[in-house]
Amino acid sequence: MADDLKERKPGGKATALIDGVLKEVKGLKDKALDDVQSLKKPQKTQLFKSIFRVTHDEKPRNRALGILSNVFLHLHPAKINRDAVAYNYTWGMGGITFYLFIVLTFTGVLLMFYYHPTKVQAFRDILYLEHDVPFGKLLRNMHRWAAHLMIITVWLHMFRVFLTGSYKKPREFNWMVGVILMLLTMLLSFTGYLLPDDQLGFWAVTVGTNMARATPLLGHEGPLGPEFGMTAFNDVRFALLGGSIVDSNALLRAYIWHCIAIPLIAGIFMAVHFWRVRKDGGISGPAPVMLESEIKEPRRF
Ligand code: HEM
């Protein structure tokens with residue numbers, strides 16, 4: 001071995017050993033260089049590429065790919081009509097309504113940590129939130145104001161959709177989905193009203209559910225209700241309240257509808273609503289600006 005080292009015979013054991021060590025050192029050097037490079041240009045690393053998958057430069061193709069390959073952004077079309085998304089056309093009202101729904105879901109979940117839907121606890125929990133829970137008053141008011149605002153924005157959104165004629169072909173179906181969303185938004189508001197179990201909520205729900213007595217066929221005071229065998233103890237009002245008066249069952253039912261069932265149903269309808277906006281060719285745009293030379297004479301019969 002010692003002789004091998006002195007002479008470094010080609011093919012000898014010592015030569016193989018030295019070559020091995022040199023190779024290893026070169027490998028380490030290359031890796032160190034790679035590490036330095038990736039610190040300088042993280043976008044060139046495999047990790048970066050595996051997350052972002054496409055280069056993000058200003059070329060139209062790459063910009064489109066950037067949208068299409070992102071789980072959140074792919075909900076948007078890769079290309080849109082600039083005029084159709086202008087705020088003075090949409091007022092941003094659909095988007096703001098959705099944003100408020102997210103705020104309501106988030107603050108609602110936090111409120112659930114402090115609220116018990118029972119006659120003994122409910123109003124006490126509200127007082128506790130108002131006076132003792134850190135930021136409880138802020139949390140409750142965020143939920144309340146977002147709820148009021150959502151009612152206003154959903155109406156304004158519907159008004160805008162109407163004004164821009166977006167209920168017409170091919171958007172008739174999405175208009176109907178919108179009508180259901182509107183109803184669900186109102187129901188969310190109505191069921192939330194009872195939850196503080198204060199006088200305001202109690203009487204609002206008493207009056208509101210009294211209207212259900214007059215439901216055709218299903219209410220015991222409605223047209224053909226009695227003929228259908230409806231009484232105060234089996235009609236639609238009874239089903240809403242879980243009894244014939246606004247009491248603990250009504251509170252529990254309002255709570256379950258408000259916190260679980262309606263938000264879930266509304267979430268599903270919103271997903272369908274947004275999907276349909278895409279499938280109907282994106283947001284309807286204002287009529288494109290035309291040169292006089294481009295305007296065709298209407299056909300005469
Ligand atoms: C929870 C309620 C609702 C949410 C979150 C919502 C959300 C949206 C969003 C984000 C858009 C895209 C355009 C924009 O922002 O204006 C849109 C479009 C649309 N919405 Fe709603 N919407 C709701 C309720 C309604 C209601 C009540 C109606 C009508 C009865 C409606 C009918 C439509 C129609 C027809 C479009 C397509 C408009 C166009 O192409 O110009 N939506 N909605």
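Helix H12 (helices being DSSP runs of H or I of at least four residues, numbered from the N terminus) has 32 residues and spans 45 Å from its first C-alpha to its last, close to the 46 Å expected at 1.5 Å a residue, the expectation being 1.5 Å times one less than the number of residues. The model is predicted; local features need pLDDT of at least 70, side-chain atom pairs count only at pLDDT 80 or more, and totals for chains, interfaces and linings use all residues. Residues are numbered from 1 along each chain as its sequence is written.

H12 bends by about 45° at Trp257, the bend being the angle between axes fitted to the seven residues ending there and the seven starting there. Gly281, with a positive phi near 95°, follows H12.

Buried residues of H12 include Ala250, Leu251, Ala254, Tyr255 and His258 (buried: 20 or more other C-beta atoms within 10 Å of the residue's own, with C-beta atoms placed from the backbone). Among the elements covering the buried residues of H12 are H6, H9 and helix H10 (199-211). The largest nonpolar core (buried Ala, Val, Leu, Ile, Met, Phe, Trp, Tyr and Cys joined through C-beta atoms within 7 Å) has 13 residues, and Leu194, Leu195 and Ala250 are among those with the most contacts inside it. H12 (residues 248-279) gives the most to this core, with 5 residues.

Around the ligand lie 27 residues, of which Gly94, Ser166, Gly178, Met182 and Ser284 come nearest (near: C-beta atom, placed from the backbone, within 6 Å). H9 supplies the largest share of this shell, 7 residues.

Notes
Buried ≥ 20, exposed ≤ 12 C-beta atoms within 10 Å, placed from the backbone. Helix = DSSP H or I, 4+ residues; strand = E, 2+ residues; numbered from the N terminus. Contact = placed C-beta atoms within 7 Å.
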